[in-house]
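Let's take a walk through a protein together. Have a look at the sequence and the model below, and then we will go through them piece by piece.

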Amino acid sequence: MFQFLDALEKIWAKILYFLPGHSQPEDCQGKDILIIPGHMAGKDFYRRLKADLDNLGFHVAILSTLRNPVSVEEAVLHLSKQILTAPNEATVIAHNTGGLLCLVLPDESRRKVKRLITLGTPFHGSHSFSDSRFSYWGFESDWVKKNYKNALFFPLFQPLSAIEDFSFSPQESTEFGQGRDLWFDIPGNYNLVRRHENLRTIREFLGTPKDPQMQAVAKASPVHAVPKKIEVDFSKFDPANRKKAKAAAKKKESPKPKTKPAAKKPSPKKAAKKKKR
């Protein structure tokens with residue numbers, strides 16, 4: 001049943017892919033979440049996901065992809081120009097092969113992205129591309145082996161998958177370190193961004209946007225606005241006064257000479273007794 005639904009979603013994505021609106025580049029000014037479409041999926045295919053995230057308070061933009069790029073570099077450059085219009089520390093949600101395009105983004109646009117979330121991205125390639133002009137995305141192709149770990153260059157990388165993922169089996173998920181441990185309720189790569197249960201999972205995973213924290217600005221106080229005058233007695237720094245002060249200090253520290261005690265005169269009675277003797 002779910003495979004049938006996923007096939008229907010795939011057909012609907014292809015129809016939207018060939019509409020004129022898909023090829024228009026997106027202006028991402030003021031957008032904190034950027035959605036990168038997957039293989040042959042039109043921008044309008046992600047309107048339901050965008051509406052869900054907009055309701056949470058995010059500002060979402062859906063990027064366009066080239067229909068017939070001459071090379072991967074041309075397709076990536078088209079994405080990069082759109083990402084550069086976004087503010088810093090943006091979150092990218094890349095569906096399907098959109099995650100593979102993120103692996104080779106130029107450094108200038110990659111630094112704009114703080115968080116990369118991939119939905120069903122075939123990091124080890126897929127047999128679906130083996131006999132097509134996208135053969136560089138084939139299963140275990142040289143391109144994939146060379147670039148798939150570039151996802152770890154993003155400050156925060158969170159690869160998510162469906163229950164049945166055509167990209168690679170779950171036992172290989174630990175190669176990324178952060179794991180692919182979030183499995184969506186309904187299988188199918190194209191069901192990830194259209195079925196209500198999967199959209200609920202994405203909403204819960206993202207949470208709500210943080211409220212902007214206003215930094216407290218210190219107000220000027222009239223007491224501290226004008227610096228106080230500090231009177232300094234510079235006479236103590238005069239060299240002559242320093243010499244006098246040192247001489248006075250030495251006099252205090254020098255010990256007084258010892259004097260012999262004066263001899264006591266004998267009393268008259270004792271003197272008279274000595275005479276009688």
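Which residues in α1 are buried? They are Leu-5, Asp-6, Glu-9, Ala-13, Leu-16 and Tyr-17, where buried means under 20% relative accessible area, exposed means over 50%, and partly exposed is in between (1.4 Å probe, protein chains only).

Before going further, a word on what you are looking at. This is a predicted model, in which local features need pLDDT of at least 70 and side-chain atom pairs count only at pLDDT 80 or more, while totals for chains, interfaces and linings use all residues. Residues are numbered from 1 along each chain as its sequence is written, and side-chain values use heavy atoms, with hydrogens and water left out.

Back to helix α1, which covers residues 2-17. Helices (H or I, at least four residues) and strands (E, at least two) are DSSP runs, numbered from the N terminus. The expected span of a helix is 1.5 Å times one less than its number of residues. For the 16 residues of α1 that gives 22 Å, and the end C-alpha atoms are indeed 22 Å apart, so the two agree. Now look down the axis of α1: its buried residues fall within an arc of 120 degrees, so they line one face of the helix. That arc is taken from the directions from the helix axis to the C-beta atoms. The general rule behind such a pattern is that an α-helix has 3.6 residues a turn, so residues three or four places apart point the same way. On the face of α1 turned away from the buried side you will find the exposed residues Gln-3 and Phe-4.

Two residues of this helix are worth a stop. Glu-9 lies in α1 and is buried, with a relative accessible area of 6%. Leaving aside neighbours within four places in sequence, Glu-9 is in contact (heavy atoms within 4.5 Å) with Phe-45, Tyr-190, Asn-191, Arg-194 and Arg-195. Ile-15, also in α1, is partly exposed at 47% relative accessible area. Its C-alpha lies 7.4 Å from that of Gly-42, although the two residues are 27 apart in sequence.

Now step back to see the whole protein. Its secondary structure comes to 10 helices and five strands, and 40% of its 277 residues are buried. Among contacts between residues at least 6 apart in sequence, 68% join residues at least 24 apart.

What holds the middle of our tour is the nonpolar core: a set of buried Ala, Val, Leu, Ile, Met, Phe, Trp, Tyr and Cys residues joined through side-chain atoms within 4.5 Å. In soluble globular proteins, nonpolar side chains tend to be buried together. The largest nonpolar core here has 31 residues, and Leu-34, Val-92, Cys-102 and Leu-116 touch the most other members. At least two residues each come from β1 (33-36), α3 (72-83), β3 (90-95), α4 (98-102), β4 (113-119) and α6 (142-147). Of these, α3 gives the most, with five residues. Apart from this core lies another, of 24 residues, including Ala-41, Phe-45, Ile-62 and Leu-199.

Let's zoom in on Leu-116. Not counting residues up to four places away in sequence, Leu-116 touches Val-92, Ala-94, Cys-102, Ala-151, Phe-154, Leu-156, Phe-157 and Gln-158. One of these partners, Phe-157, sits in strand β5 (residues 156-160) and is buried at 0% relative accessible area. The C-alpha atoms of Phe-157 and Arg-115 are separated by 5.9 Å, though the residues are 42 apart along the chain. Another partner of Leu-116, Cys-102, is buried with a relative accessible area of 2%.

How many disulfides are there? A disulfide is counted as a pair of cysteine sulfur atoms within 2.5 Å, and by this rule the count is zero.

Finally, two loops deserve a glance. Met-40, in the loop between β1 and α2 (47-56), has a positive phi of about 50 degrees although it is not a glycine. Asn-96, in the loop between β3 and α4, also has a positive phi, of about 55 degrees, and is not a glycine either. Is each buried or partly exposed? Met-40 is partly exposed at 24% relative accessibility, whereas Asn-96 is buried at 2%.
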